[in-house]
Amino acid sequence: MVGDAFRHRVGVKPLEVAKWFVRDADWEPTLDMKRALIADRRHEVVSFRDDCHDVAQEAAELVLAWVGKSTSQTGVDALVDAALAVPDDLTVLRSVAAGDAEQLPFVAGVVCSPSRWRLADKIGQDMLAVHKPVALYAEHIGAAVDTTLTRLSPDKPVWRSNWTLEDHPALFQPHSPSEPLVEHPTELWIRIERETLRRLPQTRGILFTIRGFQEPLTTYVQRGTQAISTLRELVSRLPDSLARYKSVYDYRAATISWLDSLIA
Ligand code: HEM
């Protein structure tokens with residue numbers, strides 16, 4: 001049944017630091033894309049709040065050390081340097097004491113692969129506000145995400161993944177199209193995001209990295225019957241509100257029929 005048995009999951013797993021960033025054939029082309037965006041559209045891909053600089057710099061140094069580089073820049077400029085050294089987007093949360101609790105506002109980001117959201121809209125917000133457009137986020141995982149972040153420690157980095165279907169191949173997609181861009185599921189793309197979370201030992205901030213992988217759906221299904229069935233399940237279980245958020249709604253019926261035809 002459509003919309004049955006779906007729950008968002010936090011789903012974090014331990015991250016092996018040696019595998020923090022994925023070296024693959026898209027590494028260099030993605031860096032080229034990031035260089036061009038930072039040069040030509042910097043105000044869309046770099047955004048920060050004035051209290052970000054110490055935490056942004058610590059995050060930058062951690063990334064640069066992993067790739068064996070360093071920077072002469074400071075603050076958010078160092079974060080830009082770090083973002084040009086790995087294909088992943090880099091976002092930084094500041095740790096702010098609020099009585100016994102901890103607040104973690106999103107204070108800086110270098111984001112060149114947004115999946116239909118705008119960086120500047122999110123700066124300064126807490127996790128509940130950042131995720132406001134995500135249907136069922138607050139109900140299913142809002143509190144669990146906050147707890148996961150608060151409990152994150154420097155020696156236990158984690159990672160998780162997300163998926164969505166898209167009707168455009170670009171990694172840089174800040175806007176949602178107002179109507180479907182293609183006609184048939186064979187023209188769709190699957191976007192898988194690999195996200196990592198690391199607590200920064202000095203400033204106690206958090207570095208959240210996002211790497212987007214876009215693959216034509218027609219290539220994805222070549223993984224075989226198991227992959228096709230899993231995707232069919234995921235697509236059919238999405239509640240309508242979330243299917244709309246993920247841009248799957250308009251394509252759902254045709255995608256399910258097409259996937260069925262592949263395993264019939
Ligand atoms: C354990 C931690 C987290 C979990 C479980 C989580 C979960 C999610 C989920 C389920 C979505 C919807 C994506 C989809 O289904 O297509 C999402 C979107 C998003 N997440 Fe997170 N998230 C986490 C941490 C963060 C952090 C630290 C940031 C930092 C800025 C962040 C920024 C975003 C943004 C900007 C979106 C897109 C929102 C929009 O469409 O406007 N997330 N996240």
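1. Leu136 is partly exposed, because 16 other C-beta atoms lie within 10 Å. The residue sits in the loop between helix 6 (127-130) and helix 7 (137-140). Its backbone deserves a comment, as the phi of Leu136 is near 70°, a positive value in a residue other than glycine. Most residues other than glycine have a negative phi. The structure under discussion is a predicted model, and the remarks in this note should be read accordingly.

2. A second positive phi is found at Ser247, where the angle is near 60°, again in a residue other than glycine. Ser247 belongs to the loop between helix 11 (240-245) and helix 12 (252-263). Is Ser247 buried or exposed? Ser247 has 22 C-beta neighbours inside 10 Å and therefore counts as buried; the cut-off for that class is 20 or more.

3. The sheet comes next. Seven strands make up an open sheet, arranged in the order 1-7-8-9-3-6-2, with antiparallel pairing. Its edges are formed by strand 1 (13-14) and strand 2 (46-48), each of which pairs on one side only. In general, strands of a sheet pair through backbone hydrogen bonds, either parallel or antiparallel.

4. Within this order, strand 3 stands between strand 9 and strand 6. Strand 3 and strand 9 (residues 206-216) run antiparallel and are joined by five bridges. Leu90 is placed opposite Thr209 of strand 9, and Leu93 faces Ile206 of that strand. Towards strand 6 (residues 106-110), also antiparallel to strand 3, there are four bridges. Here Leu93 has Phe106 as its bridge partner. Leu93 thus has a partner in strand 9, namely Ile206, and a partner in strand 6, namely Phe106.

5. Why is strand 3 described as largely enclosed by the rest of the structure? Five of the five residues of strand 3 (residues 89-93) are buried, and the description follows from this. The burial concerns both faces: Asp89, Thr91 and Leu93 are buried on one side, and Leu90 and Val92 are buried on the other.

6. The ligand is surrounded by 20 residues, and the closest are Trp117, Pro133, Val134, Thr164 and Phe208. The elements that contribute two or more residues to this shell are strand 3, helix 8 (142-151) and strand 7 (158-166). Of the elements concerned, strand 7 provides the largest share, with three residues. What is the make-up of the shell by class? Eleven residues of the shell are nonpolar, six are polar and three are charged.

7. Two packed helices are described by the angle between their axes and the distance between the axes. For helix 3 (residues 53-66) and helix 4 (residues 75-83), the angle is about 25° and the axes are 7 Å apart. Helix 3 and helix 4 are therefore roughly parallel to each other, since angles under 35 degrees fall into that class. The crossing of the pair is left-handed.

8. A final point concerns Ala65, a residue of helix 3. Ala65 has 11 C-beta neighbours inside 10 Å and so counts as exposed, the limit for that class being 12 or fewer. Ala65 and Ala82 are 17 residues apart along the chain, and 9.4 Å separates their C-alpha atoms.

Note on methods
Residues numbered from 1 in each chain as written. Predicted model: local features only at pLDDT ≥ 70, side-chain atom pairs only at ≥ 80, totals over all residues. Pairing = 2+ DSSP bridges. Near = placed C-beta within 6 Å. Nonpolar A, V, L, I, M, F, W, Y, C, P; charged D, E, K, R; others polar. Axes fitted to C-alpha atoms, helices over the stretch in contact; angles between N-to-C directions. Parallel < 35°, antiparallel > 145°, perpendicular 65-115°, else oblique. Left-handed = near helix turned anticlockwise from the far one by under 90°.
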